[in-house]
Amino acid sequence: MLNFVDSVQDAVAGIKDGSTVMIGGFGNAGQPFELIDALLECGATDLTVVNNNAGQGDQGLALLIKEGRVKKMICSFPRQSDSWHFDAKYKAGEIELELVPQGNLAERIRAAGAGIGGFFTPTGYGTMLAEGKETRFLDGKWQVFETPIHADVTLIKALKADGKGNLVYRKTARNFGPIMAAAAKHTIVQVSEIVPTGGLDPENVVTPGIYVNSIVKVAGSAPAAGTNRKVA
Amino acid sequence: MSLTETSLQTSATPLGRDDLARLVAKDIAPGSFVNLGIGQPTLVSNYLTEEQNITLHTENGMLGMGPEAKGDQIDEDLINAGKIPVTELPGASYFHHADSFAIMRGGHLDICVLGAFQVSATGDLANWHTGAPGAIPAVGGAMDLATGAKDVFVMMTLLTREGASKIVESCTYPITGVGCVTRVYTDKGVFLTGSDGVSVRETFGCTLEELQELVPVPLKAAPAAENAT
């Protein structure tokens with residue numbers, strides 16, 4: 001069921017304590033800042049968050065971590081020059097980390113959305129990130145068994161939605177959006193523009209509306225060239 | 001010293017980062033699809049020529065990446081793997097993360113160029129984690145690139161600040177991939193790694209014998225055919 005909601009607060013209101021939440025974005029590109037701010041405001045806690053990184057600077061996911069709402073991060077690259085809130089929580093033993101090679105992260109998310117129960121991949125074979133995992137020699141290579149990552153809720157940013165919930169993205173802000181949209185029970189999307197049904201060329205739809213549950217328009221959430229929000 | 005060994009020396013002095021980047025760029029076959037990772041290897045892009053017709057891949061979902069964006073070109077929706085604003089070239093394409101990593105993992109990339117802490121005699125790569133107590137591990141796409149690209153080139157200084165060789169018998173840092181590195185470009189020479197050991201394609205500012213004194217694994221001169229590039 002697709003809903004168009006009036007505010008980011010309404011969009012995230014149903015997120016419960018203890019949820020697994022996927023958050024789109026690679027660095028700041030595609031990060032749904034306004035939805036994350038609303039999630040912080042709504043007070044949900046004890047969250048498991050899936051994102052490529054573990055927050056940057058003093059905004060978005062970094063603030064959610066700072067406020068102690070995240071019990072576990074599943075990500076590939078938590079350590080950055082400005083990931084001080086995650087660093088502090090990790091060193092204090094106040095946040096759990098599941099570190100996943102980035103391609104495994106993407107493929108495990110994709111697998112969840114595609115109904116795949118797991119897959120074998122050479123990535124990580126022989127490394128400490130494959131310790132304890134099943135391995136097989138397949139197709140001429142040693143491969144490691146990886147399982148899907150499902151979520152209760154996905155928060156992503158897209159450029160435009162139409163009345164059917166079909167989405168298009170902008171440049172490298174697409175990143176995890178399409179696969180996270182399919183991997184959660186409930187997918188919430190912030191867009192900068194909602195066009196009438198029929199307003200998107202069906203050939204160019206990136207995420208079909210079947211994966212989308214809630215859409216909220218956030219004015220000015222897609223930058224024009226030259227309007228740089230803090231780039232790390 | 002044999003003639004073969006003398007002829008390996010192609011520079012009177014060790015190579016700086018930019019000269020090394022220029023050499024790597026020259027060695028990339030025309031028409032290749034290439035990923036330059038983050039950090040030092042991205043310098044290679046400065047020396048790729050239009051005639052080479054190289055397509056750059058960035059793991060966050062783009063083929064046809066252009067040079068770093070400056071001034072009004074900066075767009076927060078258009079960044080590279082190092083989260084630095086970049087530009088798009090004509091013919092560029094965007095795709096989601098699973099597709100982007102399928103490009104790596106599916107063996108579609110011709111070459112990736114990565115930095116390293118250590119490379120073993122058989123081409124094991126260590127470049128993601130020092131393993132130091134308290135260090136926060138971060139892997140990103142390193143394991144996917146190391147495992148998936150057809151050729152994995154490493155760019156690094158041969159020695160650590162303490163003077164230890166980064167080419168080692170076996171890696172003491174946690175590894176990124178097993179037997180994946182095919183070439184190592186360093187300030188003191190170019191090494192070819194494989195199941196039959198380490199050979200030296202060329203040396204910079206030293207002879208093969210002098211290089212051997214620095215590197216704790218047996219080195220041999222690469223066959224002449226390997227010097228053709």
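Two residues are in contact, for the purposes of this talk, if their C-beta atoms, placed from the backbone, lie within 7 Å. With that in mind, I shall present this predicted model, beginning with the place where chains A and B meet.

On that criterion, 35 residues of chain B are in contact with 44 residues of chain A. On the chain B side, the elements that give two or more residues are α3, spanning 97–105, and α4, spanning 142–148. Of these, α3(B) gives the most, with 5 residues. By character, the chain B side divides into 17 nonpolar, 10 polar and 8 charged residues.

What does α3(B) meet in α5(A)? From α5(A), which covers residues 102–114, the participants are A:Gln102, A:Gly103, A:Ala106, A:Glu107 and A:Arg110. From α3(B), they are B:His97, B:Ala98, B:Phe101, B:Met104 and B:Arg105. An α-helix has 3.6 residues a turn, so residues three or four places apart point the same way. The residues of this helix contact divide into 4 nonpolar, 3 polar and 3 charged.

As to geometry, the two helices pack at an angle of about 125°, and their axes are 9 Å apart. Angles of 115 to 145 degrees fall among those counted as oblique, and α5(A) and α3(B) are therefore oblique to each other. The crossing of α5(A) past α3(B) is left-handed.

I turn now to chain A itself, and to helix α2, residues 33–42. Its buried residues are A:Phe33, A:Glu34, A:Leu35, A:Ile36, A:Ala38 and A:Leu39. Among the elements that cover them are α1 (8–12), β2 (20–23), α3 (61–66), β9 (151–161) and β11 (184–194), each of chain A. Just after the helix, A:Gly43 takes a positive phi of about 90°.

Finally, some remarks on backbone angles. Most residues other than glycine have a negative phi. A:Asp46, which is not a glycine, nevertheless has a positive phi of about 65°. A:Asp46 lies in the loop between α2 and β3 (47–50) of chain A. A:Lys171, also a residue other than glycine, has a positive phi near 50°. The loop that holds A:Lys171 runs between β10 (167–168) and α6 (177–183) of chain A.

Is A:Lys171 buried or exposed? The cut-off for a buried residue is 20 or more other C-beta atoms within 10 Å; A:Lys171 has 22 and is therefore buried. A:Asp46, by contrast, has 13 C-beta neighbours inside 10 Å and so counts as partly exposed.

How values were computed
Residues are numbered from 1 along each chain as its sequence is written. Chains are lettered from A and ligands numbered from 1 in the order in which they are written. This is a predicted model: local features need pLDDT of at least 70, side-chain atom pairs count only at pLDDT 80 or more; totals for chains, interfaces and linings use all residues. Helices (H or I, at least four residues) and strands (E, at least two) are DSSP runs, numbered from the N terminus. Ala, Val, Leu, Ile, Met, Phe, Trp, Tyr, Cys and Pro count as nonpolar, Asp, Glu, Lys and Arg as charged, and the others, Gly among them, as polar. A residue is buried if 20 or more other C-beta atoms lie within 10 Å of its own, exposed if 12 or fewer, and partly exposed in between; C-beta atoms are placed from the backbone. Axes are lines fitted to C-alpha atoms, for helices over the stretch in contact, and angles run from 0 to 180 degrees between N-to-C directions. Angles under 35 degrees count as roughly parallel, over 145 as roughly antiparallel, 65 to 115 as roughly perpendicular and the rest as oblique. A crossing is left-handed if the near helix is turned anticlockwise from the far one by less than a right angle, and right-handed if clockwise.
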